[in-house]
Amino acid sequence: MKTNESDRRSRRLPVSATDRKALAAWQPAEPETIAEAVRLKEAALVDFGMESSAIAGWIYSKCAHQIPTTAIETAAVMAAGDGTCLLLFNPDFFVELGLDGVKFVLFHEARHLIQRHLFTEPELREDPVFDIAIECTINHVALTRLRRDGLPVYGGEPTGVDPRKIFAGYHADLTAQGLSPFSYEEFIRTDMGCYTELRRMKHPPTPAPVCVHELLQELQDELADAETIERIGNEVLANVLLAGKRGVREARSELLDLIDRTEGATDRLAKLWGDMGAGMIRGQTQKTRRVDWWQRWMVDVLASKLAEGERLVYPKKRGAVLAALGEDPTLSRRGPERHRVVAIAVDASGSMPPPVVDWIASLVGQLDGVEAHWLSFDAEVVPFAPGDPLVGGGGTSFQAVADYLEGRAPSARTGEPFDETLDAVIMVTDGMAPHITPAEPDKWIWLITEHGDDWPEGHAPQMACHKVRTGDR
């Protein structure tokens, strides 16, 4: 474990941080130790997903590779340099910690990634006192949320920054100066409040004490991959916000706590929460902007509907061999293509106001690689273009939409069948019609008008569903 800043900066991995096979193969622990460490890690992640931490659960769902390796002493979540994140963990370290200790370490790592992402100002990130403040607030939240009395013990000693000891040193320092210190609750309430109070000390706690994660010189470029960290951090927060809005109590509680801890920090952070619509979960709206939560929700859900496509590439090595043999060069198909085919079905009963339809049309037009198919429906399905009047009023049938999109019935107007493979179906309706179960319910997104029936929310299987206020745009 590290004891000071210079030691932390000098540490290096014995193998390449991006060579996953080499990481796993480096002086591997005993097979039974690895198996037990993996079991503890999986048990901790399941617990996060069930009740302890929505943020940690989502963070680790973004870690495409979770590698037990002795090349690292403890544990680390890091950007892998290719747009993804890695979780590295030392099997011996995890086994000695036990389940409660592993949960604490993984929770700490997840919150560290998120909270450092939220504060991107260079002067903060480079200030070791700010590191102390972040460590204090993270470990306070971990102790509270995980219902722990103390830090995890490793090698017979508590590991990590104890916020209560930092507070005791702060209290003694300010008292000696004749200044009035905060209470512990005030001291630990926000990240920036804790940082401000630590800066009042005559002798702030520097250099940074031991943290449970590794920060290695070889990993500095990856850990500083601001684009990946920001993207993943925002995706995680958007997913937790969505879960909170849909009634997941733990997600709502944890997000509210995080918002409170970053309150008033910077204008950029206030704008981030506003852009995400986070004020809605607190029953508040931004004073200077209007955030339409359902729109943000639909953007997030629609953006997640990625189709696995193919793109043409010219294989240089294979092409050279074929040319040498006198054969014609060929093109190969490889890789995922960011392409979406979306059907937007609008209830022709007129319950959805025109501004909402206009906004959906502009949204689909702004998403790269989206091919949109517009339909109006009542008891029948009629393709239309945005701006055309909706024709209908003779009853409502969701099954008619499913039958058309799934190829069982042709269009009532053209007589042509629908033969596209869809990535998403957006249903704009009041929900007042017999319920259905589509062939691929995970692809269906239901926007239910005000006072409508949001039955897809409780349907089995559950489908993405949100109510829209009449007049939103």
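Two strands pair if DSSP finds at least two bridges between them. Helices (H or I, at least four residues) and strands (E, at least two) are DSSP runs, numbered from the N terminus. The structure is a predicted model, in which local features need pLDDT of at least 70, side-chain atom pairs count only at pLDDT 80 or more, and totals for chains, interfaces and linings use all residues. Residues are numbered from 1 along each chain as its sequence is written, and side-chain values use heavy atoms, with hydrogens and water left out.

**Exercise 1. The sheet of three strands**

Task: State the order of the three strands in the open sheet, and describe which helices lie across E1, E2 and E3.

Solution.
Step 1. The open sheet runs in the order E1-E3-E2, and its pairing is mixed.
Step 2. Strand E1 (63-68) and strand E2 (75-79) are the edge strands, each pairing on one side only.
Step 3. From one strand to the next, the twist averages 15°. Axes are lines fitted to C-alpha atoms, for helices over the stretch in contact, and angles run from 0 to 180 degrees between N-to-C directions.
Step 4. Five bridges join E1 to strand E3 (residues 85-89) in the parallel sense; Cys63 has Cys85 of E3 as its bridge partner.
Step 5. Helix H4 (residues 54-61) lies across E1, E2 and E3 and runs at about 90° to E1. H5 also lies across E1, E2 and E3, at about 35° to E2.

**Exercise 2. Three helix crossings**

Task: Determine how H5 crosses H13, how H7 crosses H10 and how H5 crosses H7, and classify the residues of each contact.

Solution.
Step 1. The terms come first. Angles under 35 degrees count as roughly parallel, over 145 as roughly antiparallel, 65 to 115 as roughly perpendicular and the rest as oblique. A crossing is left-handed if the near helix is turned anticlockwise from the far one by less than a right angle, and right-handed if clockwise. Contact means heavy atoms within 4.5 Å. Ala, Val, Leu, Ile, Met, Phe, Trp, Tyr, Cys and Pro count as nonpolar, Asp, Glu, Lys and Arg as charged, and the others, Gly among them, as polar.
Step 2. Helix H5 (residues 91-118) and helix H13 (residues 249-261) have axes that come within 12 Å and cross at roughly 45°. H5 is therefore oblique to H13, and the crossing is right-handed. On the H5 side the contact involves Phe107, Arg111, Ile114, Gln115 and Leu118, and on the H13 side Glu254, Asp257, Leu258 and Arg261. These residues divide into four nonpolar, one polar and four charged.
Step 3. For helix H7 (residues 128-145) and helix H10 (residues 191-199), the axes come within 9 Å and cross at roughly 130°. H7 is therefore oblique to H10, and the crossing is right-handed. Among the contact residues are Phe130 and Ile134 of H7, and Met192 and Tyr195 of H10. The contact has ten nonpolar, one polar and two charged residues.
Step 4. The axes of H5 and H7 come within 10 Å and cross at roughly 135°. This makes H5 oblique to H7, again in a right-handed crossing. The residues in contact include Phe104 and His108 in H5, and Asp131 and Ile138 in H7. By class they are eight nonpolar, five polar and five charged.

**Exercise 3. The sheet of six strands and a cis peptide bond**

Task: Explain why one side of each of strands E10 and E13 is left without a neighbour in the sheet, and locate Pro461.

Solution.
Step 1. The six strands form an open sheet in the order E10-E9-E8-E11-E12-E13, with mixed pairing.
Step 2. Strand E10 (381-383) and strand E13 (464-468) stand at the edges with a single partner strand each, so one side of each has no neighbour in the sheet. The twist averages 25° from one strand to the next.
Step 3. Strand E8 (residues 340-347) pairs with strand E11 (residues 424-429) in the parallel sense over five bridges, and Ala343 stands opposite Val425 in E11.
Step 4. Pro461 lies in the loop between strand E12 (444-449) and E13. The peptide bond from Ala460 to Pro461 is cis, with omega near 0°.

**Exercise 4. Confidence**

Task: Identify which elements have the lowest and the highest mean pLDDT.

Solution.
Step 1. pLDDT is the predictor's confidence in each residue, from 0 to 100. The protein chain averages 75, and 67% of the residues score at least 70.
Step 2. Helix H1 (residues 5-10) has the lowest mean, 38, and helix H8 (residues 163-176) the highest, 94.
Step 3. Over residues 1-10, pLDDT stays under 50. Where pLDDT is low, the predicted coordinates should not be read in detail.
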